[in-house]
Amino acid sequence: MSASDITVINPLGAPVRGSTHVPGDKSISHRAVLFSAMAEGTSRVSGVLDSADVRSSIGAVRALGAQVSLEKQPDGSLAGGITGWGAAGPSQPEEPIDCGNSGTTVRLLMGILAPWPIRATLTGDASLQKRPMRRITAPLMKMGAHFEPAGQEHLPITVAGGGLHPITYDAPMASAQLKTAVLLAGMYANGTTTLNEPAPSRNHTELMLPEYGVATTAGERTASVTGPAQPQASEVLVPGDPSSAAFLVCAAVMCPGSTIQVENVSLNTARIGFTRTLERMGAEVSVSRTGAAGKEPYGIIEACYTPHLRGCEVPAEKIAGIIDEIPVLALVAAHAHGVTVFRQVNELRVKETDRLAAIIDGLDKLGVDAWCEGDDLYIEGQPDLAVPEGLQFDSLGDHRLAMTWSLVGLTGKMPVSIKNFEAVGVSYPGFLTDIERLAR
C-alpha cells in the first residue's frame, strides 16, 4: 500500500458552527439526467450533483444519443440543458456502457432500455460487478425483456429489449432502484404496471415522473404507471442531499459545543429517517420546511451537540429509509448509553461493499462491541468512548464508510488514517473542506 492511498484525518480545531449547504441530492440528480434523456424536447436541470456516480449517468445517456450540455456552476453544481431521444428511442451504443460504481445508473438503465429494440451491454467497476442484478432483471423478463446471459446475477449483462407487456409485481425487497426500473419499463407497455413492496422505499420517481407529464399513482408500499406514456421535457431543480447532510448533522451531535444548520436540503420523508433515529437516541435535531422543488420539499436540518445519547431500536420497516445512513448512525450509537439495534439490515451486505461486516470491524477497532444476530445489528455504546492512538480504517472504496470513519478523527481527539478516502468523490467530493470550514 503506498502512502498516497492513505489520508490522515486530524481532529477539528473547534466545534462545527454555522450554516452550510450540501451538494445536490444524488438520487434526484440521477433521475433528472435519466428522465430528461428519455423525454421529448430539451429539459432544463439545475442543482445537479457533480460526482463520479452522476457522471456515470451522464456518460451513459450520451452514449445512447441524448445531448447533454451541463456546465459547472459557482457552487460546484451542474446546470444546463438535456435534449432527450424522445419517442425515437435510444441509439444503439457503439460499445459497452461503463456505469462505474453507480448501482442507480445501471439498474435504472435496465428499465429504460428494456422497451427498445437495441442491444446494450452494461458493465461497471470491480465493486459494481459484485452487486446483485437479478432482482432487477427478473421482473423485466416477466414483462418480455431479454437479458444475456439469461438469469445472470452480475455485470456485465446485455439488455436486448423490445415488446413489453404490463405486470403486477410483488417485490421481494424494498428497493427504489427496483421499483423505478419496473415503472420506467412500464411506461412503454400497453396497460397498467404495478409494483408492490414489503416496506416503503424512496419515492423520488413517483414524485418526479408527473413533472415530465407521466401520471403515476403511489401509495405507501405500491406504485403504478399506465402506458404507453412518453415523457416530455421539464424543468428540474435538485435540492441538497440529505444523505450527505447526515454526516454533518452527526458530526455536530458528537462534537462538543457544535450547532449547525444545513439549508436547502431535501426533506422528502423517505429520506430523512436518520433525523428520527437520532431523535430516538435523544439527539438535539430539528427539521423545518422552507419550500418545494416540484413535489420535493426542502428546508433546514438543525443539529446541536448532545452529550447524553441513549441506545434505541430501529424496526425493520424503517431500515429502507435509512439504509445509506446506517454506517454513520452506528458510529453515533457507539457513543450512546445502552444497546442500539437495527433490525433486518441484510441489505447492507450487498451495497458498494459488505457494509455490515465493515461497520462491525470498524467499531471493533474503537473497542466498541458490535455484532449480528441473524440479520439484526447490535451495538453496545460507550458514553465515554476514547479513540485509541494510531487507528487506521479502510474505506473499501465505499464513500459512506470513508466519511463515517473520518468523523472518528474529526470529532475526536486523535488523528486517524483512512485508506482510499478519495471514495467520497462518489457523492460528496467537498466533504472535508465543508466540515473544516464549519470549524473555523
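Good morning. I begin with one residue pairing: Ile97 has Leu122, in strand 7, as its bridge partner. Please keep in mind throughout that the model before you is predicted.

That bridge belongs to the pairing of strand 6 with strand 7, residues 119-123, which is parallel and runs over two bridges. As general background, the strands of a sheet pair through backbone hydrogen bonds, in either a parallel or an antiparallel manner.

How many strands form this open sheet, and in what order? There are four, arranged 6-7-9-8, and their pairing is mixed. Strand 6 (97-98) and strand 8 (146-148) stand at the edges; each has a single partner strand, and therefore one side of each is left without a neighbour in the sheet. Helix 3, residues 103-113, lies across strand 6, strand 7, strand 8 and strand 9 (157-160). Relative to strand 7, helix 3 runs at about 170°.

I turn now to the aromatic residues. Six aromatic pairs are found in a search of the whole structure. In one of them, the ring centres of Phe35 and Tyr212 are 6.0 Å apart; the ring planes meet at 80°, over the 60 degrees required, so this pair is classed as edge-to-face. Where in the chain do Phe35 and Tyr212 lie? Phe35 is in helix 1 (residues 26-38), whereas Tyr212 is in the loop between helix 6 (204-208) and strand 12 (216-218). The pair thus links distant parts of the chain, 177 residues apart. Both Phe35 and Tyr212 are buried.

Helix 6 also holds Glu206. Is Glu206 buried or exposed? Its relative accessibility is 6%, and the limit for a buried residue is under 20%, so Glu206 counts as buried. Apart from neighbours within four places in sequence, Glu206 is in contact with Lys179, Leu183, Thr216, Ala218 and Ala223.

A further aromatic group deserves attention: Phe247, Tyr428 and Phe431 form one cluster. Phe431 brings us to helix 12 (residues 431-438), where Phe431, Asp434, Ile435 and Leu438 are buried. Why may these buried residues be said to line one face of the helix? Viewed down the axis of helix 12, they fall within an arc of 90°, and so they line one face. Against which elements do the buried residues of helix 12 pack? They pack against strand 2 (17-21), helix 7 (242-254), strand 15 (259-266) and helix 11 (399-411).

Thank you for your attention.

Note on methods
Residues numbered from 1 in each chain as written. Predicted model: local features only at pLDDT ≥ 70, side-chain atom pairs only at ≥ 80, totals over all residues. Heavy atoms only, no water. Phe/Tyr/Trp six-rings, centres within 6.5 Å; stacked < 30°, edge-to-face > 60°. Buried < 20%, exposed > 50% of the residue type's maximum accessible area, 1.4 Å probe, protein only. Pairing = 2+ DSSP bridges. Contact = heavy atoms within 4.5 Å. Axes fitted to C-alpha atoms, helices over the stretch in contact; angles between N-to-C directions. Arc of directions from axis to C-beta.
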